[in-house]
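Me: I would like a close look at a single part of this model, followed outward into the parts around it. Please take your time and keep the account connected.

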Amino acid sequence: MNASPINWLLSLMHLFVASEAILPRHKVDVLIYNYLQNGTDLTVHCKSKDDDLGVHLLAFRNYYEFKFRPNLFGTTLFYCSMQWDGIMHWFDIYTSERDTCTYCLWNVKPEGPCLVEYKKVTCYSWNTDA
């Protein structure tokens with residue numbers, strides 16, 4: 001007996017729904033704090049391959065927050081340009097390859113962004129154009 005295309009499609013949909021229930025993707029919360037000196041404002045513009053999160057102006061010690069679910073393929077990437085006093089830098093604020101945090105708190109300093117995790121701070125250099 002041949003399966004009709006509709007039955008095959010329904011079976012495929014059930015498999016997808018079951019896999020989503022079995023393998024729930026955690027939500028990631030990214031917070032970017034302005035830790036520049038002398039009360040300097042920070043302009044942040046974050047994007048992924050699919051989403052442009054817009055431009056946000058952060059006063060000193062204020063933050064910008066966004067949330068997302070990483071893709072199933074482990075290739076999620078969000079990058080941000082950060083500008084102050086006429087200087088622009090950019091950084092991969094979240095990469096599935098590097099980051100395991102679900103609450104990713106970043107302090108942006110002139111030298112580069114620092115990921116603050118429980119009892120651990122890891123500072124990075126700004127990305128360079130290759």
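Reply: Lys-49 counts as exposed, at 79% relative accessibility, and its place in this predicted model is in the loop between β2 and β3. Although Lys-49 and Tyr-79 are 30 residues apart in sequence, their C-alpha atoms are 9.3 Å apart in space.

The two strands that this loop connects, β2 and β3, run antiparallel and are joined by 5 bridges; within this pairing, Val-44 has His-56 of β3 as its bridge partner. The pair belongs to an open sheet of 4 strands, arranged in the order β3-β2-β5-β6 with antiparallel pairing. Because β3 and β6 each have a single partner strand, they stand at the edges, and one side of each is left without a neighbour in the sheet. On average, neighbouring strands of this sheet are turned by 20 degrees against each other, when direction is ignored.

At one of those edges, in strand β6, lies Thr-95, which in contrast to the exposed Lys-49 counts as buried, at 14% relative accessibility. If its neighbours within four places in sequence are left aside, Thr-95 is in contact with Thr-76 and Leu-77.

From the sheet one can turn to the nonpolar interior. The largest nonpolar core has 24 residues, and those with the most contacts inside it are Val-30, Ile-32, Leu-42, Phe-66, Met-82, Ile-93 and Cys-104. Two or more residues come from each of β1 (28-34), β2 (42-47), β4 (63-68), β5 (77-84), β6 (87-95) and β7 (103-109), and β5 gives the most, with 4 residues. In soluble globular proteins, nonpolar side chains tend to be buried together.

Leu-42 offers a view of the surroundings of one such core residue: not counting residues up to four places away in sequence, Leu-42 touches Asn-34, Leu-36, His-56, Leu-57, Leu-58, Met-82, Gln-83, Trp-84 and Val-108. Among these contacts is Met-82, which is itself listed with the residues that have the most contacts inside the core, and another is His-56, already met as the bridge partner of Val-44.

Two other loops deserve attention for their backbone. Most residues other than glycine have a negative phi, yet the phi of Asn-38 is positive, near 60 degrees, and that of Arg-61 is likewise positive, near 65 degrees. Asn-38 is placed in the loop between β1 and β2, whereas Arg-61 lies in the loop between β3 (52-58) and β4. As to their surroundings, Asn-38 is exposed, with a relative accessible area of 79%, while Arg-61 is partly exposed, with a relative accessible area of 49%.

Finally, there is the matter of charge pairing. Side chains of opposite charge can pair when their charged atoms come close. A search of the whole structure finds 1 salt bridge, and Asp-99 forms a salt bridge with Arg-98, with the closest N and O atoms 2.8 Å apart. The two partners differ in their accessibility, since Asp-99 counts as buried, at 5% relative accessibility, whereas Arg-98 is partly exposed, with a relative accessible area of 28%.

Key
Residues are numbered from 1 along each chain as its sequence is written. This is a predicted model: local features need pLDDT of at least 70, side-chain atom pairs count only at pLDDT 80 or more; totals for chains, interfaces and linings use all residues. Side-chain values use heavy atoms; hydrogens and water are left out. A salt bridge is a side-chain nitrogen of Lys or Arg within 4 Å of a carboxyl oxygen of Asp or Glu. Buried means under 20% relative accessible area, exposed over 50%, partly exposed in between (1.4 Å probe, protein chains only). A nonpolar core is a set of buried Ala, Val, Leu, Ile, Met, Phe, Trp, Tyr and Cys residues joined through side-chain atoms within 4.5 Å. Contact means heavy atoms within 4.5 Å. Two strands pair if DSSP finds at least two bridges between them. Axes are lines fitted to C-alpha atoms, for helices over the stretch in contact, and angles run from 0 to 180 degrees between N-to-C directions.
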